[in-house]
Amino acid sequence: MRVERLSDNQFKIFLTFDDLIERGFTKEELWTDVTSVRDLFTDMMHEASFELGVELEGMLLVQVQMMQAQGMHVYVTQKEESNVDDDEFIEMKVTLDESNELIFRFEDFENIIQAAKSIDKYTIENGQIYLLDKEYYLYLDEIANEKDKENIIAILSEFSTPSIVTIHTLREYAIPIMPDSAIPTIKKYFHTRK
């Protein structure tokens with residue numbers, strides 16, 4: 001679990017799917033087991049508040065963004081509630097959302113070329129590549145075939161790591177290397193056909 005302070009009243013938690021499994025959850029259970037999810041978020045809030053030195057009280061707005069390959073981003077905003085009498089009282093309003101973003105972080109461009117070669121049998125006509133802090137990020141638009149998506153995620157994970165950086169961050173702060181059709185462009189110029 002990684003925690004980042006965004007402002008005085010807001011912080012972000014990133015949890016990988018491995019972190020969820022270590023805590024005894026599957027991705028599917030987050031949508032169905034309400035009591036366990038509430039306990040998970042309560043534990044996460046206490047861990048984050050301890051790590052950041054934040055005292056949690058009153059109303060917490062928790063927005064959970066499930067990512068396809070990466071895990072989940074949890075944005076927590078603490079609302080000041082003047083009518084709360086009990087200092088120990090915390091109320092959470094949780095919103096779950098799922099994103100179709102597939103973003104992978106590569107240490108060097110050669111790994112992207114090798115990854116493109118390995119996913120050659122799948123029809124991918126999109127993709128964007130960004131450079132941020134000397135690392136490359138591959139963003140794939142939604143892949144319609146669910147079985148292909150799982151295979152592509154597994155293959156790309158051999159050459160990269162799922163990114164905790166969102167596409168919004170990349171578009172704002174990163175340098176676009178290939179702003180569209182990245183996979184077909186790599187196949188064309190780096191002769192990745194088998």
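**Reading burial, salt bridges and helix faces**

Reader: Looking at this model, how should I read the surroundings of Lys12: is Lys12 buried or exposed?

Author: The model is a predicted one, and burial is read from relative accessible area, with buried meaning under 20% and exposed over 50%. Lys12 has a relative accessible area of 16%, so it counts as buried, whereas its partner Glu4 is partly exposed at 40%. Between these two side chains there is a salt bridge, in which the closest N and O atoms are 3.7 Å apart.

Reader: How many salt bridges are there in total, and with which residue does Arg23 form one?

Author: A pair is counted when a side-chain nitrogen of Lys or Arg comes within 4 Å of a carboxyl oxygen of Asp or Glu, and by this rule there are 4 salt bridges. Arg23 pairs with Glu47, with 3.0 Å between the closest N and O atoms. This pair links distant parts of the chain, 24 residues apart, since Arg23 sits in the loop between helix H1 and helix H2 while Glu47 belongs to helix H3. Arg23 is partly exposed at 28% relative accessibility, and Glu47 is also partly exposed, at 35%.

Reader: Which residue meets Glu135 in a salt bridge, and which strands hold the two?

Author: The side chain of Glu135 meets that of Arg105, at 2.7 Å from N to O. Glu135 lies in strand E8 and Arg105 in strand E6, so their salt bridge ties together parts that are 30 residues apart in sequence. At 21% relative accessibility Glu135 counts as partly exposed, as does Arg105 at 24%.

Reader: Turning to helices, which residues of H4 are buried, and what do they pack against?

Author: For a helix, one asks which residues are buried and then how they are arranged around the axis. In H4 the buried residues are Phe109, Ile112, Ile113, Ala115 and Ala116. They cover an arc of only 165° around the axis, which puts them on the same side of H4. Their packing partners include strands E6, E7, E8 and E10, together with helices H5 and H7. At the N-terminal end, H4 is capped by Asp108, which has a side-chain oxygen 3.2 Å from the backbone nitrogen of Glu110.

Reader: Which residues of H7 are buried, and which exposed residues lie on the face turned away from them?

Author: Ala182, Ile183, Ile186 and Lys187 are buried in H7. Seen down the axis, these buried residues fall within an arc of 135°, so they line one face of the helix. The face turned away from them carries the exposed residues Lys188 and Tyr189, while the cover over the buried residues includes H4, E7, E8 and E10.

Terms used. Residues numbered from 1 in each chain as written. Predicted model: local features only at pLDDT ≥ 70, side-chain atom pairs only at ≥ 80, totals over all residues. Heavy atoms only, no water. Buried < 20%, exposed > 50% of the residue type's maximum accessible area, 1.4 Å probe, protein only. Helix = DSSP H or I, 4+ residues; strand = E, 2+ residues; numbered from the N terminus. Arc of directions from axis to C-beta. Contact = heavy atoms within 4.5 Å. Polar contact = N/O pair within 3.5 Å; in protein donor to acceptor, adjacent residues only side chain to side chain.
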